[in-house]
Amino acid sequence: ADADAVITGTLASAQLGYSLSGAGDLNEDGFEDILVGAYLSGTSFEMGGEALVFSGETLVGDDIEDGDALLRISGTEVNQIVGVSLAGGMNLDGDSVPDFVIGASGLAPPTLEPGESVPDGMDSPGRAYVFWGDGLPWGTATVDEADLVMAGEVLDDHAGIRVTSPGDADDDGLDDLLIGTERGQRGVGRA
């Protein structure tokens, strides 16, 4: 198929494009921007993951690389898998500038033999990182610079495996946020 633009990853096995979301016009240039996840990227930590913001303007008729992102947000822990889910274009803080959320559920542990321990980050409660659209740290950043962090309640929750917004579900004038867990308490999952 003939795409209008192609974003090419430069890191093998990073899974660039696993998650995608519209972001709204974050840099206020008149073009809708996009969020692209690369949840297995290891630029800062092994499988720390990344979420990238691309200007809609650069997506008009060009092939681009992940290095052309306006903002690259990296994980800060091994197996954090930042960018496994993304949601953008929301007004979560009431200032009418679009906000976005990055899910980082952590990897599920492999089946272990008796006496084996869970590898670093694989029993994560998971997190969702909220970035207000106003005052973004353009260039490079880490999830530690998020404006709000919401974590799973217990180990193995893997909160952030999915993030989305139902819009303004409670009619308070602000968009609401749903954060999914893979397992939740007793393995049943929750949102």
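When I say strand today, I mean a DSSP run of E at least two residues long, numbered from the N terminus. Okay, with that out of the way: this is a predicted model, so let me start with confidence. The protein chain averages a pLDDT of 85, and 86% of the residues score at least 70. Confidence bottoms out in strand β1, residues 6-8, with a mean of 78, and it peaks in β8 at 96.

Let's do the sheets. One of them is an open sheet of five strands with mixed pairing, and the order goes β2-β3-β4-β6-β10. At its edges you have β2, residues 16-24, and β10, residues 139-142; each has a single partner strand, so one side of each has no neighbour in the sheet. From one strand to the next, the twist averages 20°.

Let me walk across part of that sheet. β2 and β3 run antiparallel, joined by five bridges, and L16 sits opposite A38 in β3. Next, β3, which is residues 33-38, pairs with β4 in the antiparallel sense, again over five bridges. If you want a spot to click on there, G37 has A51 in β4 as its bridge partner. Then β4 is joined to β6, residues 71-74, by four bridges, also antiparallel. In that pairing, V53 has L71 of β6 as its bridge partner.

So which way do the residues of β4 point? E50, L52 and F54 go one way, A51 and V53 go the other, and all are buried. That's five of the five residues in β4, residues 50-54, so the strand is largely enclosed by the rest of the structure. And yes, that does include a glutamate, E50.

On to the four-stranded sheet. This one is open too, with antiparallel pairing and the order β7-β8-β9-β11. Its edge strands are β7, at 82-90, and β11, at 148-151, each of which pairs on one side only. The twist here averages 20° from one strand to the next. β7 and β8 run antiparallel with six bridges between them, β8 being residues 99-104. Within that pairing, G88 has F100 in β8 as its bridge partner.

Hang on to F100, it comes back now. The largest nonpolar core has 18 residues, and the ones with the most contacts inside it are L71, I73, F100, I102, Y129 and F131. β4, β6, β7, β8 and β9, the last being 127-131, each put in at least two residues. The largest share is three residues, and it comes from β8. Apart from that core there's another one, of nine residues, including M90, V101, A128 and V130.

F131 deserves a quick look of its own. Leaving out residues up to four places away in sequence, F131 touches I73, D99, F100, I102, L136, T142, V143, E145, A146 and D147.

Now, aromatics. How many aromatic pairs do we get? The count comes to two. In one, the ring centres of Y18 and Y39 are 4.5 Å apart with the planes at 50°, so that pair is tilted. Y18 is in strand β2 and Y39 is in the loop between β3 and β4, 21 residues apart, so to speak a link between distant parts of the chain. Are these two buried or exposed? Y18 is partly exposed, with a relative accessible area of 43%, whereas Y39 is buried, at 15%.

The other pair is F100 with F131, and that one is stacked: 5.4 Å centre to centre and 15° between the planes. F100 is in strand β8 and F131 in strand β9, so the pair ties together parts that are 31 residues apart in sequence. Both of these phenylalanines are buried.

Last bit, backbone oddities. Most residues other than glycine have a negative phi. S96 isn't a glycine, yet its phi is positive, about 70°. You'll find S96 in the loop between β7 and β8, and at 63% relative accessibility it counts as exposed. D171 also has a positive phi, near 55°. D171 lies in the loop between β12, residues 162-167, and β13, residues 176-180. With a relative accessibility of 70%, D171 counts as exposed.

That's my tour, thanks.

Definitions and conventions: Residues numbered from 1 in each chain as written. Predicted model: local features only at pLDDT ≥ 70, side-chain atom pairs only at ≥ 80, totals over all residues. Heavy atoms only, no water. Pairing = 2+ DSSP bridges. Axes fitted to C-alpha atoms, helices over the stretch in contact; angles between N-to-C directions. pLDDT = per-residue confidence, 0-100. Buried < 20%, exposed > 50% of the residue type's maximum accessible area, 1.4 Å probe, protein only. Core = buried A, V, L, I, M, F, W, Y, C linked by side-chain atoms within 4.5 Å. Contact = heavy atoms within 4.5 Å. Phe/Tyr/Trp six-rings, centres within 6.5 Å; stacked < 30°, edge-to-face > 60°.
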